[in-house]
Protein chains: 2
Amino acid sequence: MHDEETTPPKLTDQVRLDDLLCFAVYSANNAFNRFYKPVMAELGLTYPQFLVMIALWEADGVRVSHLGERLGLESNTLTPVLKRMEGLGLLERKRDRSDERQVLLHLTDKGRALENEASGLPACVLEATGLDPAELITLRNEIERIRAKLESATGR
Amino acid sequence: MHDEETTPPKLTDQVRLDDLLCFAVYSANNAFNRFYKPVMAELGLTYPQFLVMIALWEADGVRVSHLGERLGLESNTLTPVLKRMEGLGLLERKRDRSDERQVLLHLTDKGRALENEASGLPACVLEATGLDPAELITLRNEIERIRAKLESATGR
DNA sequence: CCCATTTATATCGTGCACGATTTAATCGCA
DNA sequence: TGCGATTAAATCGTGCACGATATAAATGGG
């Protein structure tokens, strides 16, 4: 019995659910969603809509595809979200006059004004997680590093 | 001008989108989903269905509520997933004879057999992320720590 | 023993993420 | 200049996460 290329042992003999990085990330993402929910409700937003708002507070007047690069999403996800946000009066979607394929996003006064309502949020997360700012940045960097690795490994 | 209780500066003057831990976790979760998609397709599963399978490979014959505790989900999310998985012939849902409110989950032979197909996955993640097992566990622990903190901070 | 309360699961509606496809505008190049 | 290729966004269908509510079974105090 000499078998150089052995089949690995079955999954649960290798790792437990609680050891999996993907499960930790999945659960942490759900936890962030739940934690933010009441805060977002005050702003009248969902959590993904809030991420869109942050991106637009940082850079207004951008194309849908630019926003998509920023958030790692495409128009199939963004278009419905942006339409709902337009319906809420937070932004306007306008075809680019010089290239009618593109849609430019512009915050309304209401959309810009909302930024002041959200100012307490970073402190809120620091308090909830019990991390100091330096630890938080370190952890963020490590997570971002594996995100980038996964992205480049996706589809080979 | 003496103002002890100043309003914090607006959000984008405090942090950038790319500094936010929540956004890193959100993006990493999306990245895991995308990375797993082709692998899951081979197994005929979705990523959440795969997490259910792992939980059941570890402990079969459990109640829906027990699975929910394991995964941090409730019946409103799990019931439709479990029904689809039952439709795929991976498991059976049976009312507990001794307490008809409860539903017990039992893997089928097909469901158990699938574990062997998934054995390459941990190595696959290690390779994709470029982490060694010790780093991965450390990172996992840190993420789990903040997940637990967020959970206990949710709703005050 | 009865019925209000509690517990376990299911149902329903909304929003998000995404693969696949469609629509429409622009580009490239013969 | 004409037209096939490319690009940007939108549309459609599926599955998941979740708040709110419903259903049905068990429990327990009077």
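Colleague: How many Å is a phosphate oxygen of DNA strand C from a polar backbone atom of A:Glu100?
Modeller: The distance is 3.1 Å, which falls within the limit for a polar contact, a pair of N or O atoms within 3.5 Å. This is a predicted model, in which local features need pLDDT of at least 70 and side-chain atom pairs count only at pLDDT 80 or more, while totals for chains, interfaces and linings use all residues. Residues are numbered from 1 along each chain as its sequence is written, chains are lettered from A and ligands numbered from 1 in the order in which they are written, and side-chain values use heavy atoms, with hydrogens and water left out.

Colleague: OK, and what does B:Arg101 reach on strand C?
Modeller: A polar side-chain atom of B:Arg101 lies 3.2 Å from a base oxygen of DNA strand C, whereas B:Arg93 places a polar side-chain atom 2.5 Å from a phosphate oxygen of that strand.

Colleague: How many residues surround DNA strand C?
Modeller: There are 28, counting a residue as near if one of its heavy atoms lies within 4 Å, and the closest are A:Arg84, B:Arg34, B:Thr79, B:Lys83 and B:Arg93. Of the atoms of DNA strand C that come within 4 Å of the protein, 72% belong to sugar and phosphate.

Colleague: Switching to strand D, which residues come nearest?
Modeller: Out of 27 residues around DNA strand D, the nearest are A:Arg34, A:Thr79, A:Lys83, A:Arg93 and B:Arg84. Polar side-chain atoms of A:Tyr26 and B:Thr46 lie 2.7 Å and 2.9 Å, respectively, from a phosphate oxygen of DNA strand D, while A:Arg101 has a side-chain N or O atom 3.2 Å from a base oxygen.

Colleague: Now α4(A): which residues are buried there?
Modeller: A:Val64, A:Leu67, A:Gly68 and A:Leu71 are buried in α4(A), where buried means under 20% relative accessible area, computed with a 1.4 Å probe on protein chains only. Helices here are DSSP runs of H or I with at least four residues, and strands are E runs of at least two, numbered from the N terminus.

Colleague: Why are they on the same side of α4(A)?
Modeller: They cover an arc of only 105° around the axis, which puts them on the same side of α4(A); the arc is that of the directions from the helix axis to the C-beta atoms. In general, an α-helix has 3.6 residues a turn, so residues three or four places apart point the same way.

Colleague: And what comes just after α4(A)?
Modeller: A:Gly72 follows, with a positive phi of about 75°.

Technical notes: Polar contact = N/O pair within 3.5 Å; in protein donor to acceptor, adjacent residues only side chain to side chain. Buried < 20%, exposed > 50% of the residue type's maximum accessible area, 1.4 Å probe, protein only.
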